[in-house]
Amino acid sequence: MALTLFDKLWADHEVAILEDNVSLLYIDRIFLHERTGSIALESLVADGRMVRNPEKVFCSMDHIVDTHVGRTDETLVPSGKQFIQSTRKASHAAGIKLFDINDPWQGIVHVISPELGIVQPGCTLICPDSHTCSQGALGALAWGVGSSEAEHAMATNTLVVKRPKNMRVNLVGQLPVGITAKDLVLHLIAQYGAAGGSGCAIEFAGEVVEALSIEARLTLCNMAVEFSAFTGLIAPDHKAFDYIQGKPYAPKGKQWEEAMVYWAGLYTDADAVFDKQITIDCSHLAPVVSWGTSPQHACSVLDKVPNMPTNIEAGDEASYLRAYEYMDLHPGQAIDSIVIDAAFIGSCTNSRITDLREAAAILVGRKVANGVKAICVPGSKAVKRMAEAEGLDKIFIQAGFDWREPGCSMCFFAGGENFGFRKRVISSTNRNFEGRQGPETRTHLASPITVAASAIAGRIADPREYLL
Ligand SMILES: CC(C)[C@H](C(=O)O)[C@@H](O)C(=O)O
Ligand code: SF4
């Protein structure tokens, strides 16, 4: 029978079929972070159980840690230090690998797992974090779970999972210059709605996806959850294999040869059937920016804040009106006239080396507009090292950006830092709901190059004007 990539990954990890569409799956890797992981580890100990295979469990300090240079365990939120210290204690007691604040590989979980070769094609990986779907970009079945599921998986290396449906998003045509994976995924969500991928494992395919770097593929899959999908995934190709080869946790020698044989079969068979397919011609896309409080409230940077759709579903009117009010915008306002207070480059969506290179190419020799607070937070220590070796830090700093230590930082207000009450932020992150980045902070989601261009312009700007 012809199978999709998802079907193959599912079948290869199915330990038992429990009922219709519910199976017990084998879990190869578990990643934790200090915000939710410590809860799972402590609860496991309290139940008198052990981590079954400590070498398959990893933990990072990323969500609450301070990102200022010279940081300690102190955080900007009062409870933060306790999360950090209890995670450290619980990780050491469980014997799992912790990427602590001073570890040379510390960083955001979905950035460090690929760059260390922990996530690999064909593996199952879970983390009590919704953006675990990012890691499907390497051809893994990776998805976000709750703390109690993480606990179950740590104790048994298995998890009961309801089988999602198969969906394929075909991205065809040729991506124009200045259009990134972030624009692609924001466009997808704007066109098909934030619930468009509900209940599905989404395979991203097509010549546009094939042409993307691994970093860009991680960005694409990162926002599968903002499309309400179970996860996103991409068939691993020679780019994925080259990316993984030589990474610290990648298979070596004979194991590499064996892995390559298995990985070569990880693709969707030609006549496999999907429950749903979407095809988008990407040849004429413009940079995409969100204007409202959902990722589906997004449009081209060349557009105006849209009117409420005439075919809006009953009950959705109020949320539309509230989005205009919260964002202090009105229909008809040109997106590129919206004045910003702050610019943020970071998060598991867009803080990888390619993101920083592309943003730096716009910032070089230019200055952030007066009054705009601009911050760049590399996704990991490895990204930071690479960027500094290439001199990108100097470009960011000379342009007027803060250059920080890795962490989730202002993607998420849990770290305690924010740009200020009702400030308007152009942000390379993935969520723009009310209060996400701080008290009544107004978030505009965009690609790192759109963030860089906007920081210079002091208003939302088309990055293509700065690429020349
Ligand atoms: C704290 C964590 C549980 C949360 C998530 O699951 O996504 C965070 O990473 C986020 O992006 O909102
Ligand atoms: S960077 Fe943001 S989206 Fe990603 S894991 Fe951290 S808080 Fe969640």
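This report walks through a predicted model, from its overall build down to a few individual residues.

**Overall build**

Let's begin with the whole chain. The protein has 468 residues, and a compact globule of that length would have a radius of gyration near 23 Å; the value here is 21 Å, which agrees. Along the principal axes, the C-alpha atoms fill a box of roughly 55 × 55 × 45 Å. Secondary structure adds up to 15 helices and 19 strands. Buried residues account for 55% of the 468. As for contacts with a separation of 6 or more, 76% of them join residues 24 or more positions apart.

**Domains and how they meet**

The domain assignment splits the protein into domain 1 (7–163 + 237–263), domain 2 (165–236 + 268–281) and domain 3 (288–466). Between the C-alpha centres of domain 1 and domain 3 there are 28 Å. Where those two touch, 24 residues of domain 1 are in contact with 21 residues of domain 3. On the domain 1 side, helix α4 (residues 109–116) gives the most, with four residues. That side of domain 1 is made up of 10 nonpolar, 10 polar and four charged residues.

**The two ligands**

Now for the ligand shells, set out here by residue class.

| Shell | Nonpolar | Polar | Charged |
|---|---|---|---|
| Ligand 1 | one residue | five residues | two residues |
| Ligand 2 | five residues | five residues | one residue |

Around ligand 1 sit R35, T36, H63, D129, S130, H131, G144 and F412. Ligand 2 has H63, I108, D129, H131, S347, C348, C408, C411, F412, T429 and N430 around it. H63, D129, H131 and F412 turn up in both shells. Which domains supply the shell around ligand 2? Domain 1 (7–163 + 237–263) and domain 3 (288–466) each put in at least three residues.

**The nonpolar core**

In soluble globular proteins, nonpolar side chains tend to be buried together. In this model, the largest nonpolar core holds 148 residues, and I30 and I126 are the ones that touch the most other members. What does I30 contact once its neighbours within four places in sequence are left aside? The list is K56, V57, I126, C127, A150, A153 and M154, so the other hub, I126, is among the partners of I30.

**A covered helix**

Helix α12 (residues 353–363) is mostly covered, with eight of its 11 residues buried. The buried ones are I353, D355, L356, E358, A359, A360, I362 and L363, a list that takes in D355 and E358 alongside leucines and alanines. What lies over them includes the helices α8 (214–222), α13 (381–389), α14 (392–399) and α15 (448–457), plus the strands β15 (342–345) and β16 (373–376). After α12 comes G365, which has a positive phi, near 75°.

**A loop residue worth a look**

Finally, there is L175, found in the loop between β9 (165–172) and α6 (181–192). Is L175 buried or exposed? L175 counts as buried because it has 20 C-beta neighbours inside 10 Å. Apart from neighbours within four places in sequence, L175 is in contact with V208, A211 and C282. L212 is 37 residues away from L175 along the chain, and their C-alpha atoms are separated by 9.5 Å.

How values were computed: Residues are numbered from 1 along each chain as its sequence is written. Chains are lettered from A and ligands numbered from 1 in the order in which they are written. This is a predicted model: local features need pLDDT of at least 70, side-chain atom pairs count only at pLDDT 80 or more; totals for chains, interfaces and linings use all residues. A residue is near a molecule or strand if its C-beta atom, placed from the backbone, lies within 6 Å of it. Ala, Val, Leu, Ile, Met, Phe, Trp, Tyr, Cys and Pro count as nonpolar, Asp, Glu, Lys and Arg as charged, and the others, Gly among them, as polar. Domain bounds come from an automatic or database domain assignment. Helices (H or I, at least four residues) and strands (E, at least two) are DSSP runs, numbered from the N terminus. The radius of gyration is taken over C-alpha atoms; the globule rule is 2.2 Å times the number of residues to the power 0.38. A residue is buried if 20 or more other C-beta atoms lie within 10 Å of its own, exposed if 12 or fewer, and partly exposed in between; C-beta atoms are placed from the backbone. Two residues are in contact if their C-beta atoms, placed from the backbone, lie within 7 Å. A nonpolar core is a set of buried Ala, Val, Leu, Ile, Met, Phe, Trp, Tyr and Cys residues joined through C-beta atoms within 7 Å.
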